[in-house]
Amino acid sequence: MSQPPSQNSQEYRAKLDEENAKKQSSEIDPYGFKRKSEFNYLQYQEIMSEYLPTLTRRAMRWSDVMKNTKNKKAVSRSSQIKRFCRKGIPTEYRAQVWMDLSGARTKMNQQPDLYKKLLQQSSKDEDNKFKQMTSQIEIDLDRTFPDNIYFNGATEDRKGMLSNVLTAYGIHRPDIGYCQGLNYLVGVLIIITSSEEMSFWLITSLLDDIIPCYYDKSMAQTLAELEVLGELVNERLPEVGTKMEKEHKPWMVISSKWFICLFIDVLPIETVLRVWDCMFCEGSKVLVRTALYMVMLKSEQLQSSNGLSQIKSVFDDLDKDSDILSCHSFIDNMLHKTNPMPASKIQRLREKHLRLVQQENS
């Protein structure tokens, strides 16, 4: 009969620690997503134990800020709020702060009945273009977060909310209608706000006022954004840039999803939300800086990769990467290592590459 493994063996202790960490944690994360079978509970527990003092300090500071909103004062942009957003918005305040900083609350107050009217209009619309849009939305509902208890019917089903918001936005902006990727954005907004109307106004402000229009039929601004990333990589990481120039449209293959889905299903959800906290306060330059930092993190692996398929695989399973799983460290390092990156520079690059893309497509 074989003897049990030694209690002193490093391998046995590591396995025991992992099992204990799993018992102490839930298989469902705080946002309703089921953790993957290979999720490293011990690593996550260690990261969160280090992060806890930051969370506590953050909650206290935001609590003071939010006391002012009880007198119906909105959270407004300032150097203090920018600093606080970079440290992360507590879950209990996130929806309200996003609504205030994005301008969504102002829009909602200016047109308080618009969302209801759009839903009423959707029940009467017989236009073929409308039917095609709603048909595509219905197809994508089951593809949206099947591993999330709020969308797979495990506890409640928010697919109806998702369908309503996407349909209303498609009517509101017929030039965009519905584009794949929007389902993920609205899905996250619903998870955070638990409100159809707030989600509608947030997606409206996000697409109208904050980010480039990645979702129009031409995709010109998406293509331009990829070229902006490529130029910044050439400037900051010339060895990686040289490697990429040997491939055909590498950034389109690697990073289209990053921008179209705003890093959903690319980075861990808590890291995504921290990026969005910064985005709603500082604007879309944060998206470019995040993408650039992801390339920085993987620069050595990219340089040693052969062929586009291998290059793309470098960015697989980012939710296992401790540099990315630790959302606090990720944001701090991203902001530090991509600095300086003025919004004016990104805007100039966007205008330059949008002209080039439009010339190429004309």
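Here is a chat about how some features of this predicted model get their labels.

Colleague: Let's start with the loop between helix 13 and helix 14. Why is Phe263 called buried?

Modeller: Buried means under 20% relative accessible area, and Phe263 has 0% relative accessibility, so it counts as buried. Phe263 also has a positive phi of about 75°, although it is not a glycine.

Colleague: And what about Asp265, buried or exposed?

Modeller: Asp265 sits in that loop between helix 13 and helix 14 too. The cut-off for exposed is over 50%, and Asp265 has a relative accessible area of 56%, so it is exposed. Its phi is positive as well, at about 65°.

Colleague: On to the helices. Why are helix 9 and helix 14 called roughly perpendicular?

Modeller: They pack at an angle of about 90°, with their axes 13 Å apart. Angles of 65 to 115 degrees count as roughly perpendicular, and that is therefore what this pair is called.

Colleague: Which residues of helix 9 and helix 14 make the contact?

Modeller: Helix 9 brings Leu185, Val188, Leu189 and Ile192, while helix 14 brings Ile269, Leu273 and Trp276. By class, that gives 7 nonpolar residues, no polar and no charged ones.

Colleague: Now some rings. What makes the pair of Phe33 and Phe145 edge-to-face?

Modeller: Two numbers do the job. Ring centres have to lie within 6.5 Å to pair, and these are 5.1 Å apart. Planes over 60 degrees apart count as edge-to-face; here they are at 85°, so the label fits. Phe33 lies in the loop between helix 1 and helix 2, and Phe145 in the loop between helix 7 and helix 8, so the pair ties together parts that are 112 residues apart in sequence.

Colleague: How do you know that Phe33 is buried?

Modeller: Same kind of check: the limit is under 20%, and Phe33 has a relative accessible area of 11%, so it is buried. Phe145, at 5%, is buried too.

Colleague: What makes Tyr293 and Phe330 an edge-to-face pair?

Modeller: Their centres are 5.2 Å apart, with 65° between the planes, and over 60 degrees is what edge-to-face requires. Tyr293 belongs to helix 15 and Phe330 to helix 19, so the pair ties together parts 37 residues apart in sequence.

Colleague: One last thing: how do you know that the charged end of Arg35 sits over the ring of Tyr44?

Modeller: The distance part of the test asks for within 6 Å of the ring centre, and Arg35 is 4.8 Å from the centre of the Tyr44 ring. Arg158 likewise lies over the face of Tyr150, at 4.2 Å from the ring centre.

Key
Residues numbered from 1 in each chain as written. Predicted model: local features only at pLDDT ≥ 70, side-chain atom pairs only at ≥ 80, totals over all residues. Heavy atoms only, no water. Buried < 20%, exposed > 50% of the residue type's maximum accessible area, 1.4 Å probe, protein only. Helix = DSSP H or I, 4+ residues; strand = E, 2+ residues; numbered from the N terminus. Axes fitted to C-alpha atoms, helices over the stretch in contact; angles between N-to-C directions. Parallel < 35°, antiparallel > 145°, perpendicular 65-115°, else oblique. Contact = heavy atoms within 4.5 Å. Nonpolar A, V, L, I, M, F, W, Y, C, P; charged D, E, K, R; others polar. Phe/Tyr/Trp six-rings, centres within 6.5 Å; stacked < 30°, edge-to-face > 60°. Lys NZ or Arg CZ within 6 Å of the ring centre and 35° of its normal.
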